[in-house]
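Here are my notes on the model, jotted down as I went through it. Have a look at the structure first, then read on.

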Amino acid sequence: MEGKVEAIAKELNDNGLHFETKLEQEGESVTQEIKVGCDDKISEEEQNKICLMRALVEKQDPSSKEVDDFEIRRFLRARDLDVDKASAMFLKCLKRKKSIAPNGFISASEIPNEIAHNKMFMQGRDKQGRPIAVILGARHFHNKLGGPDELKRFVVLALDKLCSRTSPGREKFVVIADFQGFGYSNSDARAYIGALSILQDCYPERLEKLIVVHVPYLFWTMWKIVYPFIDNKTKKKITFVENRRLMATLRQDIDESQLPEIYGGKMPLVPIHEA
């Protein structure tokens, strides 16, 4: 099994992902350091770009006037401060979110089948103050009743809940994706691709880190289908953690008082729609 883990780790690292495993280099343990920009103020260059982008998008969609500068900046950063590309991405996002949530928000009554899975939770913050979400992959099943539209609504509700716990200059969140007990019935690649699409296209620069834990060998079959749909910026934020390194990795970023109970901490899991 060690050989398979090391092979997978090499493949992931070669593709710009990080696999948290204990490596020995000249007798010292090597782990990835996390650099966080808290209280991230808008620079003069960014402010100039924001003004240009506002002029473009407000002509095409007046509702964009309600969006603050930090949200505009996130789209700019997602497109390397290219105003034209960021504007196109932003306008496409507004149109998409209006189709998913025409009232401007999603209520729990609109996603009963997804809620019944009891698969996503939010509680606590990491050491940098970022809210933490936990996803239990073994509790996700193909939604035959609500279909893909209900899943989209669930994803928007979940991401909006996480974003509501952030503040200007501290705009990112952390997600722990736990695949303990993951099986064939949970291998819904289309759903994962759909959720990633909403995250990447409508919530750029929100994800700080996705920590993937308790990964069974079966997971990699689905991963090969999903992987091509992940953009390069998101790939760099994904960390796969070996079981033997799980507690050490989580405690590096999250204090015990904020760590979920299922990982030896003190925070109970709170369903995302109730958080």
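At what angle do helix 3 and helix 4 pack, and how many Å apart are their axes?

1. Helix 3 (residues 69-78) packs on helix 4 (residues 83-100) at about 120 degrees, and the axes are 8 Å apart. That angle makes helix 3 oblique to helix 4. On the bookkeeping: axes are lines fitted to C-alpha atoms, for helices over the stretch in contact, and angles run from 0 to 180 degrees between N-to-C directions. Under 35 degrees is called roughly parallel, over 145 roughly antiparallel, 65 to 115 roughly perpendicular, and the rest oblique. Helices (H or I, at least four residues) and strands (E, at least two) are DSSP runs, numbered from the N terminus.

2. The crossing of helix 3 and helix 4 is right-handed (near helix turned clockwise from the far one by less than a right angle; anticlockwise would be left-handed). Helix 3 brings E71, I72, F75, L76 and A78 to the contact, and helix 4 brings V83, A86, M89, F90 and C93, where contact means heavy atoms within 4.5 Å. By class, the contact of helix 3 with helix 4 has nine nonpolar residues, no polar and one charged. Here Ala, Val, Leu, Ile, Met, Phe, Trp, Tyr, Cys and Pro count as nonpolar, Asp, Glu, Lys and Arg as charged, and the others, Gly among them, as polar.

3. Before going further, the ground rules. This is a predicted model, in which local features need pLDDT of at least 70 and side-chain atom pairs count only at pLDDT 80 or more, while totals for chains, interfaces and linings use all residues. Residues are numbered from 1 along each chain as its sequence is written, and side-chain values use heavy atoms, with hydrogens and water left out.

4. How confident is the predictor? The average pLDDT (confidence in each residue, from 0 to 100) is 88, and 86% of the residues score at least 70. Over residues 1-5 the pLDDT is below 50, and that stretch has four contacts beyond near neighbours in sequence. Residues 20-38 are also below 50, with 39 contacts beyond near neighbours in the model. Where pLDDT is low, the predicted coordinates should not be read in detail.

5. For the overall picture, the secondary structure comes to 10 helices and eight strands. Of the 275 residues, 47% count as buried (under 20% relative accessible area; exposed is over 50%, partly exposed in between, with a 1.4 Å probe and protein chains only). Among contacts with a separation of 6 or more, 75% are between residues 24 or more positions apart.

6. Helix 4 also meets helix 7 (residues 189-202): their axes come within 9 Å and cross at roughly 130 degrees. So helix 4 is oblique to helix 7. On the helix 4 side are M89, C93, R96, K97 and I100, facing G194, S197, I198, Q200, D201 and C202 of helix 7. The contact of helix 4 with helix 7 is mixed in class, with five nonpolar, three polar and three charged residues.

7. Helix 7 in turn packs with helix 8 (residues 219-226), the axes coming within 10 Å and crossing at roughly 45 degrees. That makes helix 7 oblique to helix 8, and their crossing is right-handed. A189, Y192, I193 and L196 of helix 7 touch M222, I225 and V226 of helix 8. The contact of helix 7 with helix 8 has seven nonpolar residues, no polar and no charged.

8. Two buried helix residues are worth a click. R74, in helix 3, has a relative accessible area of 9% and is buried. Leaving out residues up to four places away in sequence, R74 touches E171, P204, E205 and R206. L91, in helix 4, is buried at 17% and touches V57, Q60 and D61, with the same neighbours left out. L91 and Q60 are 31 residues apart in sequence, with C-alpha atoms 8.1 Å apart.

9. Lastly, backbone checks. Most residues other than glycine have a negative phi. N118, in the loop between helix 5 (112-116) and strand 4 (120-125), has a positive phi near 50 degrees and is partly exposed at 32%. H214, in the loop between strand 7 (207-213) and helix 8, has a positive phi of about 50 degrees and is buried at 19%.

Note on methods: pLDDT is the predictor's confidence in each residue, from 0 to 100.
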